[in-house]
Amino acid sequence: MKTILVTGGAGFIGSNFIRMLLAETTGYDILNADSLTYAGNLENLADITDDPRYSFIKADISDPVSMEAVFNLGPLWAVVNFAAESHVDRSIADPGVFVRTNVLGTQLVLDLSRRYGVERFQQVSTDEVYGSLGATGRFTEETPLAPNSPYAASKAAADLLCRAAYKTFQQPVLVTRCSNNYGPWQFPEKLIPLMIANALEDKPLPVYGQGENVRDWLQVEDHCRAILQVLEQGEPGRIYNVGGDNEWRNIDIVRLILHELDKPESLIRFVKDRPGHDQRYAIDSTRLQEELGWRPRQDFTSGIRATITWYRKQVAWLAHMRDGSYRDYYEHQYGKV
Ligand code: NAD
Ligand code: TYD
């Protein structure tokens with residue numbers, strides 16, 4: 001058995017990745033290290049907590065003492081670094097914590113991985129490091145980095161630290177840059193779960209500007225499979241874009257959600273635009289498709305329907321996420337630390 005350290009495994013994508021590893025592979029044990037910020041919820045993993053291949057440790061990736069303790073639980077074959085502050089609007093309100101976790105935290109995990117001889121280090125990055133597109137074109141791995149939000153800048157900084165670790169120390173580092181994910185267990189501050197949650201309660205749906213901004217949407221399990229494939233087969237030092245070839249204007253996504261939920265468009269509220277709001281993201285994932293044979297499996301129409309149905313059934317989870325009471329689960333499950 002090889003052990004994979006997953007940082008940030010109690011968040012949206014990390015929890016889906018852990019569940020996928022347990023369901024679809026047999027050769028890995030998983031150690032999940034997460035500091036359980038507002039976005040980290042162990043309820044996301046409640047169904048697999050007792051799996052003998054899975055264990056959890058509460059640790060902050062920017063804290064050397066707790067991270068050394070995590071690495072001492074090894075030997076670790078690989079590290080997949082999901083842990084991050086991930087919400088653009090929060091980064092506009094308070095950039096400092098984004099630098100601490102996303103930049104300093106990534107450097108610390110890189111350093112420890114090198115010191116402990118970890119064989120593969122994968123940084124889970126974002127297409128937002130490339131900045132914004134006009135009406136045409138797509139980001140390739142050669143597109144210059146031009147981040148516009150503090151979140152994107154902190155992720156770009158982490159990507160460059162990964163590059164430096166590879167160039168300077170020949171550390172076996174891989175970077176994936178993915179477009180916007182949707183699916184189960186996403187914190188309801190991001191566009192799709194926020195709109196579903198508000199619509200379910202007949203609350204207004206806040207659309208920034210005129211809703212003309214465009215995002216490329218990928219089902220989270222397709223992203224998780226890409227991460228695993230790059231981890232197992234990718235070439236160290238290489239960057240892999242991950243995307244869905246699935247561009248949508250925000251307003252059209254919001255209308256689709258209302259339509260699926262049989263709610264009126266009168267719930268839409270056009271509100272003040274996000275400062276520095278990137279106009280359009282579109283990603284070219286030819287490298288990943290041609291070199292590693294990855295393809296998205298989930299088509300968007302059925303994927304978004306399944307996601308809406310999932311959130312409809314998660315009334316308690318949604319309520320816990322929104323009122324913060326999910327944090328009680330940790331004490332109940334693990335006691336006070
Ligand atoms: P999320 O906010 O849902 O989860 C982040 C997790 O990291 C949480 O469990 C949180 O508790 C944990 N965390 C935060 N700070 C930490 C710290 N200092 N130490 C340890 N754990 C910490 O985010 P997500 O949407 O699951 O994103 C995961 C990763 O994927 C991030 O690196 C993000 O930049 C990247 N990404 C996200 C998307 C997307 O659409 N959500 C797209 C591309 C890339
Ligand atoms: P978000 O889910 O925050 O992802 P990101 O900014 O990382 O792409 O936002 C997706 C798009 O939806 C983005 O263009 C901003 C827009 N948006 C709204 O219009 N209203 C909202 O309340 C939120 C959270 C986002």
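Author: Welcome! A residue counts as buried under 20% relative accessible area, as exposed over 50%, and as partly exposed in between. Please keep in mind that this is a predicted model.

Reader: Thanks! Is Glu201 buried, exposed or partly exposed?
Author: The relative accessible area of Glu201 is 43%. That value falls between the limits of 20% and 50%, so Glu201 is partly exposed.

Reader: Which residue of helix H11 does Glu201 pair with, and how many residues apart in sequence are the parts they tie together?
Author: Glu201 meets the side chain of Arg322 in a salt bridge, at 3.5 Å from N to O. Arg322 belongs to helix H11 (residues 315-323), while Glu201 sits in the loop between H6 and E8. The pair therefore joins Arg322 to a part of the chain at a separation of 121 residues.

Reader: What is the distance between the closest N and O atoms of Lys203 and Glu201?
Author: Lys203 is partly exposed, with 38% relative accessible area. Its salt bridge with Glu201 brings the closest N and O atoms to 2.7 Å.

Reader: Where does Asp245 lie, and which residue does it form a salt bridge with?
Author: Asp245 is in the loop between strand E10 (239-242) and strand E11 (247-249). At 54% relative accessibility, Asp245 counts as exposed. Its partner lies 107 residues away, in the loop between strand E5 (120-126) and helix H5 (150-169). That partner, with the closest N and O atoms 2.7 Å apart, is Arg138.

Reader: Why is there no bond between the sulfurs of Cys224 and Cys178?
Author: A disulfide needs two cysteine sulfur atoms within 2.5 Å. Cys178 is buried at 4% relative accessibility, and Cys224 is buried at 0%. The closest cysteine sulfur to that of Cys224 is in Cys178, and the pair is too far apart for a bond because the distance is 9.1 Å.

Reader: Let me turn to the ligand. Which side chain has a polar atom 2.5 Å from an oxygen atom of ligand 2?
Author: Asn180 also offers a polar side-chain atom, 2.9 Å from an oxygen atom of ligand 2. Pro206 instead uses a polar backbone atom, 2.8 Å from a nitrogen atom of the ligand. The side chain with the 2.5 Å distance is that of Arg274.

Reader: How much of the accessible area of ligand 2 does the protein cover?
Author: There are 18 residues around ligand 2, and among those that come nearest are Glu128 and His277. The shell divides into eight nonpolar, five polar and five charged residues. On its own, ligand 2 has 510 Å² of accessible area, and the share covered by the protein is 96%.

How values were computed:
Residues numbered from 1 in each chain as written. Chains lettered and ligands numbered in written order. Predicted model: local features only at pLDDT ≥ 70, side-chain atom pairs only at ≥ 80, totals over all residues. Heavy atoms only, no water. Buried < 20%, exposed > 50% of the residue type's maximum accessible area, 1.4 Å probe, protein only. Near = heavy atom within 4 Å. Polar contact = N/O pair within 3.5 Å; in protein donor to acceptor, adjacent residues only side chain to side chain. Areas by Shrake-Rupley, 256 points an atom, 1.4 Å probe, with all protein chains shown as cover. Nonpolar A, V, L, I, M, F, W, Y, C, P; charged D, E, K, R; others polar. Salt bridge = Lys/Arg side-chain N within 4 Å of Asp/Glu carboxyl O. Helix = DSSP H or I, 4+ residues; strand = E, 2+ residues; numbered from the N terminus.
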